[in-house]
Amino acid sequence: MKPGDKLFDKIDNAIMRCKIGVAVFSPRYCDSYFCLHELALMVESHRKVIPIFCDVKPSELCVPNNGNVPNEDIQRFKTALEEAKYTVGLAFDSNQGVTVPHLYLKSTKMFCRKFPPSELGGCGDKCSRNCDGELGRGGGYGADDHAKENP
């Protein structure tokens with residue numbers, strides 16, 4: 001992005017061009033209007049959303065009732081969160097020593113393994129060489145909030 005670009009226009013256009021979106025949920029994710037707006041737009045535009053739950057369980061995600069979210073957006077955000085809660089993703093717990101670089105590496109490898117470069121329009125040979133499928137300690141969350149090991 002360049003100085004003078006309209007933030008929402010750029011983000012919305014990028015989401016509309018993407019094939020797959022990744023939502024990284026943290027304990028404060030739902031406090032961000034921008035995060036909720038992006039998630040809602042991904043869901044409304046029928047993009048595949050890969051949720052990554054960092055130090056938060058899907059059942060803990062909710063739209064805050066603090067008066068900061070316009071009424072017309074509350075239902076959009078609730079619907080998007082419900083969709084994400086019931087989508088299998090990855091779960092990470094920083095209390096188990098998972099760092100941001102570790103999260104990035106494991107998520108990238110899982111993503112590249114599940115979605116080959118040809119399916120995404122190609123991301124080059126580098127992706128294929130670096131995606132060996134090793135997921136380590138990352139777990140997945142389903143609707144029941146029980147962590148399970150990824151194969």
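Here is a short chat about helices and cysteines in this predicted model.

User: Why is Cys30 called buried or exposed here, whichever it is?

Analyst: Its relative accessible area is 7%. Buried means under 20%, so Cys30 counts as buried.

User: And what makes Cys54 fall into its class?

Analyst: Cys54 comes out at 13% relative accessibility. The cut-off is again under 20%, so Cys54 is buried.

User: How do you know whether Cys30 is in a disulfide?

Analyst: Check the sulfurs. The nearest cysteine sulfur to that of Cys30 belongs to Cys62, 6.2 Å away. A disulfide needs the two sulfur atoms within 2.5 Å, so Cys30 is in no disulfide. Searching the whole structure turns up zero disulfides.

User: What makes the span of helix α4 close to the expected one?

Analyst: Helix α4 covers residues 100-114, which is 15 residues. The expected span is 1.5 Å times one less than the number of residues, and that gives 21 Å for α4. From first C-alpha to last, α4 reaches 21 Å, so the two agree closely. Its buried residues include Leu103, Met110, Phe111 and Cys112, along with Lys106 and Lys109.

User: Which residues bring α1 and α2 into contact?

Analyst: On the α1 side you have Leu7, Phe8, Ile11, Asp12, Ile15 and Met16; they meet Tyr33, Phe34, His37, Glu38, Leu41 and Met42 of α2. That set splits into nine nonpolar, one polar and two charged. Asp and Glu count as charged, so Asp12 and Glu38 are the charged ones.

User: How do the two helices cross?

Analyst: Their axes come within 10 Å and cross at roughly 35°, in a right-handed crossing.

Note on methods:
Residues are numbered from 1 along each chain as its sequence is written. This is a predicted model: local features need pLDDT of at least 70, side-chain atom pairs count only at pLDDT 80 or more; totals for chains, interfaces and linings use all residues. Side-chain values use heavy atoms; hydrogens and water are left out. Axes are lines fitted to C-alpha atoms, for helices over the stretch in contact, and angles run from 0 to 180 degrees between N-to-C directions. Helices (H or I, at least four residues) and strands (E, at least two) are DSSP runs, numbered from the N terminus. A crossing is left-handed if the near helix is turned anticlockwise from the far one by less than a right angle, and right-handed if clockwise. Contact means heavy atoms within 4.5 Å. Buried means under 20% relative accessible area, exposed over 50%, partly exposed in between (1.4 Å probe, protein chains only).
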